[in-house]
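Subject: Structure handover and notes

Dear colleague,

Please find the structure below, with the notes I made while going through it. I would be glad if you could read the two side by side.

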Amino acid sequence: MGVRDIFGFGSAEPQLKGRDVAVIDVGSNSVRLVQYRVEGRMLWPVFNEKTMAGLGSGAAETGRLNPEGVEAALRTLKRFTQLLDAKGVSTRGAVATAAVRECEDGPEFVQRVRNETGLIIDVLSGEEEGRYSALGVLAGVGEAWGVAGDLGGSSLELTGLDNRTTLSAVTLPLGPLAVNAAGAKPQALRAHVDEQLANAGEVFKDAGDTFYAVGGAWRSFANLSMTLRNYPLRLLHEYEMTPEQVRKAVDFAMSQSESSLASVPGVASKRAATLPYAAMLLDRVMKAGGFSRVVFSANGLREGVVCVSDLSLVEEGDPLLSGAEAMAHSASPEPEFGLALADWLEPAFEGEGAVFSEVRDKRLRAAAARLCDIGARLHPDHRGDLAFTQVLYAPIGGLSHDERAFLALCLHHRYEGKSARSEDCVSSHLLTEEQRAAAVRVGLGLRFGAALSGRTAKLLKAFSLSREAGEMRITARPDTEDLVVERAWRRFEQFCNVMDLKPVLSR
């Protein structure tokens, strides 16, 4: 039985009603459990635990799983089974990748796991592993053009991406355990890597300009890069680097001792020994594929395992808007208000110059409106700071880091009015002055809409908003004129002021 059959979500219309699923990933380095709450098309990781079992350690020489790793993995899988039983998570699936797939005693290990834990492990082919990882990437970023690369302990999977579709995939024996990366000479490793990457020509051919990096070793490299750049937002998902930035970080990684690398925030001590190899491999991939940027994905194989049984999680909706709706569903007393506000407020921004792009600006405003009431249950004295932080670090996708900072700043101004954040704030570092000004306009628009309607969709529909000839106009139904009280009018004036428009009320 494969993971498709285990999860079996089917094609029912996604609902914002939580359902829990668990994925156990038996990899060459680690054995990990992630429990997800599935809401609509969003996968919220609500529990995450791993053991660095090292199943694939030494497998390149012996052709067999590491005996100590086998025992560590079995202990871990027994624990995971008991944890899921205690949590009442019955929908669960387990997959194994390169080490179990390639070692001669892999089938024996799978049978032993079944006998001792009841878990049925689906051993993925290299192509399946690559496709599942790519589906996970797409679930987290939305549209993507390029190649997804998942670096595990024993292998590297490369899969082409075209919008929301996965293309051809190839698996290469380029994991650090497969090449004995910790002890090999850099020059020999580079030559071996380049020779292997030549076998990925079909995947690289006509690929987009972005490489999407997946896997713990490359996450450690991203954290190293953030430290070297003194990067203001310590968040892995959709962190970007240019080829020049990659090479600079590679040079540093290759010049450091294992203990020095282990001291870098975000670099696990067990990753430090092979980090220089992972860094060098990324540089060679970027060169082989002619990519102009690398984007790191927090999503990968495990998310793809869930998505493969319900492709609507990848093919439908937008990860940003879906994530905002899911956040609002749990935080706002009336989640429908944000949806109504998004459409209601749009006429106010007709003709505004774009600060990201016309399409992205509209999507960001729609997300901000959905999150408009996220502070409803927060302490009134701290709503601005708390809403800003929640949005900045929210586990939602479809956002570049500067867009994430913009969205968070919109929510700050929704609660704090025109009050600026401190100069050392993330938004001050990542956003231009023009983008910060646009966030003020969006935030004050949300603030006005909330005050006018009492944060209810029903009363919001009693008004319409329009702009022309230097004026912003509210048109009220005859029976709702009294709703435009002093507080609402004052916030309308503040909104019009930052929009450089004259406020007008039509009765």
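What follows goes through the two sheets, then a pair of helices, and then some single residues.

This is a predicted model, in which local features need pLDDT of at least 70 and side-chain atom pairs count only at pLDDT 80 or more, while totals for chains, interfaces and linings use all residues. Residues are numbered from 1 along each chain as its sequence is written, and side-chain values use heavy atoms, with hydrogens and water left out.

Helices (H or I, at least four residues) and strands (E, at least two) are DSSP runs numbered from the N terminus, and two strands are taken to pair if DSSP finds at least two bridges between them. With those terms, one open sheet has five strands in the order β3-β2-β1-β4-β5, with mixed pairing. Its edge strands are β3 and β5 (121–123), each of which pairs on one side only. Direction ignored, neighbouring strands of this sheet are turned by 25° against each other on average; the axes behind such angles are lines fitted to C-alpha atoms, for helices over the stretch in contact, and angles run from 0 to 180 degrees between N-to-C directions. Helix α3 (residues 67–87) packs on this sheet and touches β1, β2, β3 and β4, its direction making about 25° with that of β2, where contact means heavy atoms within 4.5 Å.

Strand β1 (residues 19–26) and β2 run antiparallel and are joined by eight bridges, with valine 31 in β2 as the bridge partner of valine 26, and the hairpin between β1 and β2 passes through four residues. On to β3 (residues 42–51), β2 is again antiparallel, here with nine bridges, and tyrosine 36 stands opposite proline 45 in β3. This second hairpin has two residues between its strands, and glycine 40 in the turn has a positive phi of about 60°. Eight of the nine residues of β2 (residues 31–39) are buried, so the strand is largely enclosed by the rest of the structure; buried means under 20% relative accessible area, exposed over 50%, and partly exposed in between, with a 1.4 Å probe and protein chains only. Towards the other edge, strand β4 (residues 92–96) runs parallel to β5 and is joined to it by three bridges, one feature being isoleucine 121 in β5 as the bridge partner of alanine 94.

Another open sheet has six strands in the order β8-β7-β6-β9-β11-β10, also with mixed pairing. Because β8 (165–172) and β10 (239–241) stand at the edges, each with a single partner strand, one side of each is left without a neighbour in the sheet. The twist averages 25° from one strand to the next. Strands β6 (residues 144–151) and β9 (residues 210–214) run parallel with five bridges between them, and glycine 149 has alanine 213 in β9 as its bridge partner. Helix α10 (residues 243–255) packs on the sheet, touching β10 and β11 (293–296), and its direction makes about 90° with that of β10.

Valine 250 lies in helix α10 and, at 7% relative accessibility, counts as buried. Leaving aside neighbours within four places in sequence, valine 250 is in contact with Phe221, Ala279, Met280 and Asp283.

As for the helix pair, the axes of α17 (residues 336–345) and α18 (residues 358–370) come within 7 Å and cross at roughly 145°. The contact is made by Gly338, Leu339, Leu341 and Ala342 of α17 together with Ala366, Ala369 and Arg370 of α18.

Two residues other than glycine have a positive phi and lie in the loop between α9 (216–229) and β10: asparagine 230, with phi of about 50°, and glutamate 238, with phi near 65°. Asparagine 230 is exposed, with a relative accessible area of 66%, whereas glutamate 238 is buried, at 11%.

Finally, serine 506 lies in strand β14 (residues 502–506) and is buried, with a relative accessible area of 17%. Its side chain makes a polar contact with the side chain of arginine 473 at 2.6 Å; a polar contact is a pair of N or O atoms within 3.5 Å, where within protein one must be able to donate a hydrogen and the other to accept it, and residues adjacent in sequence count only if both atoms are side-chain atoms.

Best regards
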